[in-house]
Structures are given as C-alpha cells and as structure tokens.
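Here is a short briefing on a protein model. Look at the sequence and the structure first, then read the points below.

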Amino acid sequence: MSVISSPYISPSASTNRMMLNVLIALVPGTLAYIWYFGYGLIINLIVAISFAILFEAGVLLLRKKPLMPYLSDYSAIVTGWLFALCIPMHSPWWLIVTGIGFAMIAGKHLYGGLGFNPFNPAMVGYVVILISFPKDMTTWFLPMQVSSDSLSLMESLSFTLGLLEPQHWDALTSATPLDQYKTGLGMNLMISEIRQSPVFGDFAGVGWEWIANWWFLGGVFLLYSKTIRWHIPLAMISGLLLFSLIFYVVDPDSVASPGFHLFSGGLMLGAFFIATDPVTSATTIKGRLLYGFLIGALVIVIRRWGGYPDGVAFAVLLANMAVPLIDYYTQPRVFGVNPPQDH
Amino acid sequence: MTTSAAEITSNGLWKNNVALVQLLGLCPLLAVTSSTINGIGLGLATMITLILSNSLVSMIRNIVRPEVRLPVFVLIIASVVTIIELSMQAWFYDLYLVLGIFIPLIVTNCSIIARAEGFASRNTIALSALDGFMMGLGFLIVLTLLGLIREVVGSGTILANADLMFGPAAALLKITLNPEYGGFLVAILPPGAFFGLALLIVGKNLIESRIMAPVVPPSAEPVLTT
C-alpha cells in the first residue's frame, strides 16, 4: 500500500471526466433519435467518430505530439458525436468525412488543438458542408412514425456508401419542420395552414420535439454532475423565448410560437451541449449570460430573416467570435483593486 | 539606389512577391479568383497598369515636387486604369462584365502606389518598367494559381469560360475533371479565397524553410500600406 500525502481530495474535473459526462448525457437523446429516425444515425455516428479519431491521430502524428494523452481525453469522440447529430440521416460517407476532417484539422488543430480553438470544431465542420453541399444537407428523412415505410440496416448502409441516393426516395424524404415553416411563410401561407403537414406534432415536428426533451434530460444530468453551469443554457433559452415571443405576440398568424422554436432544430442540443463547450464559450458569469442570450437572439434572427431554416450553428459560431470581446468587458473586479467609488 | 535586373526579378517573383509576402492588393485577389480565367484577366490588367504607371512615374520623377508627388502618382495610376478599363470594355466585353467593379478598383490597389513611391520614383525608366513587369507577373502568377485551385476544388473544371478572353475557339480549352463532381461550394465562396491564399503562403514558407534554407533575411525595402 502506498502512502500519499495531503491534500486527499483528488481533482474531479479532468478533461476526460467532463467529456465522459457529456457522452453519457448524449445517450438518451441519441437513443430517442434512433427510435424516431432509424439506423441511419448509428452509421453516421460510427463513420463520424472513427474518422474524428483518425484525423485527430493523424494530425497529432504530424505535429509530433504523443498520441495517447490526447486521444484518451474523449474530445475527438465528443466532436464526432455532436457532428453526427447535426447532419442529415443517410448522408453519403464522403460528406461526413469532409465535414469531420474540416472540424478536426481546420477547426481544432490549426489553432493549436483542444483548448486553443476559438470556434466549436463540430459546428465549423457542419457549417462548411452545409454551405458547400446544400442539396445533400437538406435531404432529411421522415420520422418512421410518419412515413409509410422504414429502412432496413442494409438499406441505410447503402445510402452511406453512396450506392443509393436519398434524393430519389421521395416517399421517405421531406423537409424538416423548420424548413417547411420557412418555405410555407415564403409562399404566404399562415402558420395554421403550414401545420396541416403530417410532420408537425404538438409543439414542433413529430419526433423532433421528443428528441429535444431527451436532450433536455441529458442537460439536466450535465448540470447535476457540474459538467456545465446553468448560465449559458438558461440565457440562451430565455433569449430565444423572449425574441420569438415578441414577434409571436405582434403577428401570431405568420410567426411560429415560442414553443415551436424551442423544440425545433438544434436548439435544445445547442443550448446544453454545443454552446456550453468550455473552450469556446465565455468564462465570466456575466459574460456567460450575455453569450447565451446572444445565441438565443441570433437563432431567432437567422430563422426569421436568414437564408437557412435553422441558425443554431451559425449563431454559436458568431457568438464564439464575440467571446474575447465579451470576456474583456465582463471581467469581475479583482478584490482590493480599484475599489468602487462611494459618493 | 541602384538595383540589378536579377534582383528586381527575384524580388518581384519570389522574395518580395506582392500577394504572398507584401500581402497587398488582397481585396481584388480574394474577390475575383473564383476561376482561373478571372484570375488571369485581373492579373494581366494589374500587370499592365504596373508597367505603365511605373514607367510614367519614373519619367516625371525629377520634375514633380516631393510635396505633391502622391496626388500626381494617383492621377497617373487612375488615368492608366481608365485606359485599361475602356480597352477591356472595347475588346473583352464579357470578361469586363465578369470582373466588373474590380477593374476600376485597381486604382486603389496598394501595390501599385507602393511600387510608384518605393521604386519608380527613384529609379530609371527601364528598371522601373522591369520592376512593374516582375511585380505584376508575381501577382499574376498568384492570381492564376489561386483561381486554378479554387476552380478545381470548387467546380471540378479547369479554364472554364476561356472564351471570354481568347475568343469563341477557346471554349474548347475547358477541361472537366469529373462530370459527376457536385462541386465543393466553399472554395468558390469568399472563405475559399482565404483558405487558398493561406495555403499558398504556407507552401511558399515551406519551400523557403525546407528547401532553400538557410534563409537570408530579405533586403529592407520601403513598403507602403494603405
């Protein structure tokens, strides 16, 4: 038995413990995703995570860094996992590899690796392929509960390998609820007319709203395990609710309800898993509130006026860009230095 | 200050390359290089401007009083660019339409006034013309390379729209690498220009540090940034 000296409290917040908590918190939402949308996600996850690890190892070798300490912090797995959740089901393999390659190489290692990247790597990879391959990135499959048919594992695999093209499977593919909402408004339809489509559920899309609930549950676990703190998710959700409520009150016929916005697209996932990335988010308390609020407001701005149906990824990247400025102006006063002037 | 022709050549093409080392004239460089032909078109226009403006500035270098030299240089450059713009409008109308505002904007290209002030106003006409040619050629090569990279990655073709510049027969020059290639749009969009230029600079620095080492520090030459 070895004798160790004091202090006897071991640090609990190591990088790999935090990343492991994130992975655990992602499990329920991921299972719900597979339940609603089928095996495609499993294949996306396998391809994205294995290539994330491959690219990480490759760049580490090029940078002459030791492999094991960096690979065993699970950060590549978290990036690959989050990236796989963002892209459409049954994406061809080259799309996933391009995106995750960009995420790991340009988004992470060109800046110096984990801890030095100003932008969330998974979002960098996602945005690059979103603006580069609009056709592939907007072909989404219907939830199995809505579509007439479901795909077998082999069929899902042949989509990924590029043997089948999802664009030809009209019966199974559809625009996402956010996309339908944007297109419908463009055609001067009212919200009540747009919601006639079978993809809409109680709040948002069938499937999507329940997946969002499970992301929320994972987020609660992250809060409970002190992996993240409450400021960013709360500020982001309030920013989104406040802005969507203003527009909704003014014109409820042509603006989706705040509940729709909250449970649609990547909002829940973004609020608890993406915006809270400790490297790329603000560090001060006030800064975190401002940063989260900024993302929530930007999501509504992009969804309402932007060219893309969902704006979480763009909003996170824009807020990442503002982080140095936010941190600079929200520095708390150091105790005993420059005391406030009493009048 | 006297400089040899060999030194001017190596400065213009490599050691003091306008785009890769001085990083001047980046806005047209980044904006128009979405295809090879666009790059060549703007590169040629800039090169001709540099040769003409350098020669003219060198001719009048002993007449102009130093207090008013900069306005005079700008006037000369603006006149030269107007001539080039009108000529392009007359003979390469389609290319003129593609390059649009970036032709008149050559006036504001920092590299041109930098060469006028830094070189042509203190050297003979022949050397100044050579300097303009070499600096312009260095710029042209980078524009062409960047256009080529972005066109290949972004749309999978080489020399598309060559007929804009060389007449209808040149449409045959277009090479399609893979007809099924969907195109990597980001390379054509503005971020692709930054990535491409950054990679070219990386390439130049790699060649210097790995192949041409040991590196001699480049001779100090006044560089204007505007």
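The buried residues of α12(A) are covered by several helices, and these include α11 (208-224), α13 (258-263), α14 (267-274) and α15 (285-305) of chain A. Keep in mind that this is a predicted model.

**Helix α12 of chain A**

- Helix α12 of chain A runs over residues 231-250 and has 20 residues.
- From its first C-alpha to its last, α12 of chain A reaches 29 Å. That is close to the 28 Å expected at 1.5 Å a residue.
- Which residues of α12(A) are buried? Near the start of the list stand H231(A), I232(A) and P233(A), and A235(A), M236(A) and I237(A) are buried too.
- The list of buried residues in α12(A) also holds G239(A), L240(A), F243(A), S244(A) and Y248(A).

**Two domains in chain A**

- The domain assignment splits chain A into domain 1 (14-174) and domain 2 (177-328).
- The C-alpha centres of domain 1 and domain 2 of chain A are 20 Å apart.
- How many residues of domain 1 of chain A are in contact with domain 2 of chain A? There are 31, and they meet 28 residues of domain 2 of chain A.
- On the domain 1 side of this contact in chain A, at least two residues each come from α1 (15-37), α4 (75-86) and α6 (121-132).
- Helix α1(A) gives the largest share of that side, with 12 residues.
- By class, the side of domain 1 of chain A that touches domain 2 of chain A has 23 nonpolar residues, 8 polar and no charged.

**Chain B**

- Chain B contains 10 helices and 2 strands.
- Along the sequence of chain B, the order is α-α-α-α-α-α-α-β-α-β-α-α.
- The radius of gyration of chain B is 18 Å, and the globule rule gives 17 Å for 226 residues. The two values are close, so chain B is as compact as a globular protein of that length.
- The C-alpha trace of chain B spans about 60 × 50 × 25 Å along its principal axes.
- Of the 226 residues in chain B, 40% count as buried.
- Take the contacts in chain B with a separation of 6 or more: residues 24 or more positions apart account for 79% of them.

**Where the chains meet**

- The contact between the chains takes 5 residues from chain B and 4 residues from chain A.
- On the chain B side, 4 residues are nonpolar, 1 is polar and none is charged.

Technical notes: Residues numbered from 1 in each chain as written. Chains lettered and ligands numbered in written order. Predicted model: local features only at pLDDT ≥ 70, side-chain atom pairs only at ≥ 80, totals over all residues. Helix = DSSP H or I, 4+ residues; strand = E, 2+ residues; numbered from the N terminus. Rg over C-alpha atoms; globule rule 2.2 N^0.38 Å. Buried ≥ 20, exposed ≤ 12 C-beta atoms within 10 Å, placed from the backbone. Contact = placed C-beta atoms within 7 Å. Domains from an automatic or database assignment. Nonpolar A, V, L, I, M, F, W, Y, C, P; charged D, E, K, R; others polar. Expected span 1.5 Å × (residues − 1).
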